[in-house]
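Work through the exercises below with the sequence and the coordinates open. Each task is followed by a solution in steps.

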Amino acid sequence: MRTTVRSPGAALGAVALSLALALGCGQAKESGGSGEESLSGGREGTGVTIGLLLPDSHTARWEAFDRPLIEQKIKELCADCRVEYANGQGSVATQQQQVDTMITKRVDVIVLDPVDYKSLRSSVKEADRAGIPVVSYDRLAEGPISGYVSFDGNEVGRLQAEALLRAMGKKADGGRIVMMNGDPTDPNAAWFREGALSVLEDKVRIGKEYDTPQWSPENAHIDMSGAISALGPGSIDGVYSANDALASGIVSALKSGNVTPLPPITGQDAELNGVQRIVKGEQSMTVYKPFKPEAEAAAAMAVALGRGESPDSVAQDRISTSTATNVPAVLLTPVPLTVDTIKDTVVKDGMYTIDQICTAKFRSACERAGLIP
């Protein structure tokens, strides 16, 4: 069970802590360690060592955005801090071993995005027993965590559902949809579903609903093909897709099943392929979760906890679960992205350039969308 207390000041708190830490970095730098050494992963010097554990390498965002943004912000806030990085490669056993390694190396704090939030509970407990605080990043881990940074999952689901109903038009009143939820081992997937159902219930009929292990596009393709066979190619008025990776499998299954025109399809994460599908008209929307404020809040919280300071000046929200209560949290606000808002979101924020989106394959679609003349 998850309960949340929200505060509108989280973003301002993050800025305040960043400034405070930045002012303190000059003193920390004098005690040993250079900016070049701060991310080398060694234990030399007297600075804070931060363990960063991300879940897999097949999801583009972790290596392309989250890792470099977190490392960059840590270096900016604390020249004497060092990062020990490891990727779980989608394996619970691998990530459990990585936590054990961090404990053995006596890092000062761990930033953890769990492969499986339940299976990593024992590892979080071990870190706590060793006196190492754990910041749960993006996915809410079980156990005695010291902080949590993510986006409001209920709001993600609500934005997806609202956009789906708008795209369905008249069919939103009693139409039939397929729900393609995320990985059942990811607590965010249940959070997204809960938010979506709060909008969809009593408005549409759910013809088929699936959970998708490992957020796999291949599994989504298989399940969508099954839904087409069961419901009929002309009987699907919309598809709730929990993220862009699943949407890619859904679109391929709909095309293979000769479903034309494609029904409205949702997404999440603003992956480049997802944005290009939106430009082309194959996906209705995605949810843009700016990675930079999320990564920077996690970095600021980790530096504070690693120094033995309170994270309250950055984490002005609170969240409680069945295994932790009143946890300092930063819950950021997601942003819906449609073809009309591409320039004002991912392009404006520097996530993608127009050239990256509008390759030769998508040039004519980009012209129709007004992205290029």
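**Exercise 1. A salt bridge in helix α2**

Find the distance at which the side chains of glutamate 76 and lysine 73 meet, and state how the two residues are placed in helix α2 and at the surface.

Solution. In this predicted model, the side chains of glutamate 76 and lysine 73 form a salt bridge, with N and O 3.0 Å apart. Next, place the pair: both residues belong to helix α2 (residues 60–77), and because they are three residues apart, about one helical turn separates them. An α-helix has 3.6 residues a turn, so residues three or four places apart point the same way. Last, check exposure. Glutamate 76 is partly exposed at 47% relative accessibility, whereas lysine 73 is buried, with a relative accessible area of 8%.

**Exercise 2. A salt bridge in helix α4**

Determine how glutamate 126 and arginine 129 are placed in helix α4, and which class of exposure applies to glutamate 126 and to arginine 129.

Solution. The side chains of glutamate 126 and arginine 129 meet in a salt bridge with an N to O distance of 2.5 Å. The two are three residues apart in α4, about one helical turn. Glutamate 126 has 37% relative accessibility and counts as partly exposed. Arginine 129 has 60%, and since exposed means over 50%, arginine 129 counts as exposed.

**Exercise 3. A bridge between two elements**

Which elements are linked by the pair arginine 193 and glutamate 209?

Solution. Start with the atoms: the closest N and O atoms of the arginine 193–glutamate 209 salt bridge are 2.4 Å apart. Then locate the partners. Arginine 193 lies in helix α6 (residues 187–200) and glutamate 209 in strand β8 (residues 205–210); the pair is 16 residues apart and links distant parts of the chain. Both ends are assigned by accessibility: arginine 193 is partly exposed at 31%, and glutamate 209 is partly exposed at 33%. Elsewhere, Arg61, Asp66, Asp138 and Glu294 are joined into one network by salt bridges that share partners. The count for the model comes to 19 salt bridges.

**Exercise 4. Packing of α3 and α4**

Are the axes of α3 and α4 roughly parallel or roughly antiparallel, and which residues make the contact?

Solution. Two packed helices are described by the angle between their axes and the distance between the axes. The axes of α3 (residues 92–104) and α4 (residues 121–129) come within 10 Å and cross at roughly 5 degrees. Angles under 35 degrees count as roughly parallel, and α3 and α4 are therefore roughly parallel to each other. On the α3 side the contact is made by Gln96, Val99 and Ile103; on the α4 side, by Ser122, Ser123, Glu126 and Ala127. By class this gives three nonpolar, three polar and one charged residues.

Now follow one residue of this contact. Alanine 127 is found in helix α4 and is buried, with a relative accessible area of 0%. The C-alpha atoms of alanine 127 and valine 99 are separated by 7.7 Å, although the residues are 28 apart along the chain. Beyond its neighbours within four places in sequence, alanine 127 is in contact with Ile103, Ile110, Ile132 and Val134.

**Exercise 5. The surroundings of α9**

Which residues of helix α9 are buried, and what covers them?

Solution. Helix α9 spans residues 272–280, and Gly274, Val275, Gln276, Arg277, Ile278 and Val279 are buried there. The cover includes α8 (244–256), β10 (286–288), β13 (335–337), α12 (354–357) and α13 (363–369). Just after α9, glycine 281 has a positive phi of about 90 degrees.

**Exercise 6. Cores and the whole chain**

Which residues have the most contacts inside the largest nonpolar core?

Solution. The largest nonpolar core has 50 residues, and Tyr137 and Ile357 have the most contacts inside it. Helix α10 (residues 291–306) gives the most to this core, with ten residues. A second, separate core has 40 residues, including Val178, Tyr210, Leu254 and Met285.

Return to isoleucine 357. Leaving aside neighbours within four places in sequence, its contacts include Leu272, Val275, Gln276 and Val279, as well as Ile342, Tyr352 and Phe362.

Finally, take the chain as a whole. The secondary structure comes to 13 helices and 13 strands. Of the 373 residues, 56% count as buried. Among contacts with a separation of 6 or more, residues 24 or more positions apart account for 74%.

How values were computed: Residues numbered from 1 in each chain as written. Predicted model: local features only at pLDDT ≥ 70, side-chain atom pairs only at ≥ 80, totals over all residues. Heavy atoms only, no water. Axes fitted to C-alpha atoms, helices over the stretch in contact; angles between N-to-C directions. Helix = DSSP H or I, 4+ residues; strand = E, 2+ residues; numbered from the N terminus. Parallel < 35°, antiparallel > 145°, perpendicular 65-115°, else oblique. Contact = heavy atoms within 4.5 Å. Nonpolar A, V, L, I, M, F, W, Y, C, P; charged D, E, K, R; others polar. Core = buried A, V, L, I, M, F, W, Y, C linked by side-chain atoms within 4.5 Å. Buried < 20%, exposed > 50% of the residue type's maximum accessible area, 1.4 Å probe, protein only. Salt bridge = Lys/Arg side-chain N within 4 Å of Asp/Glu carboxyl O.
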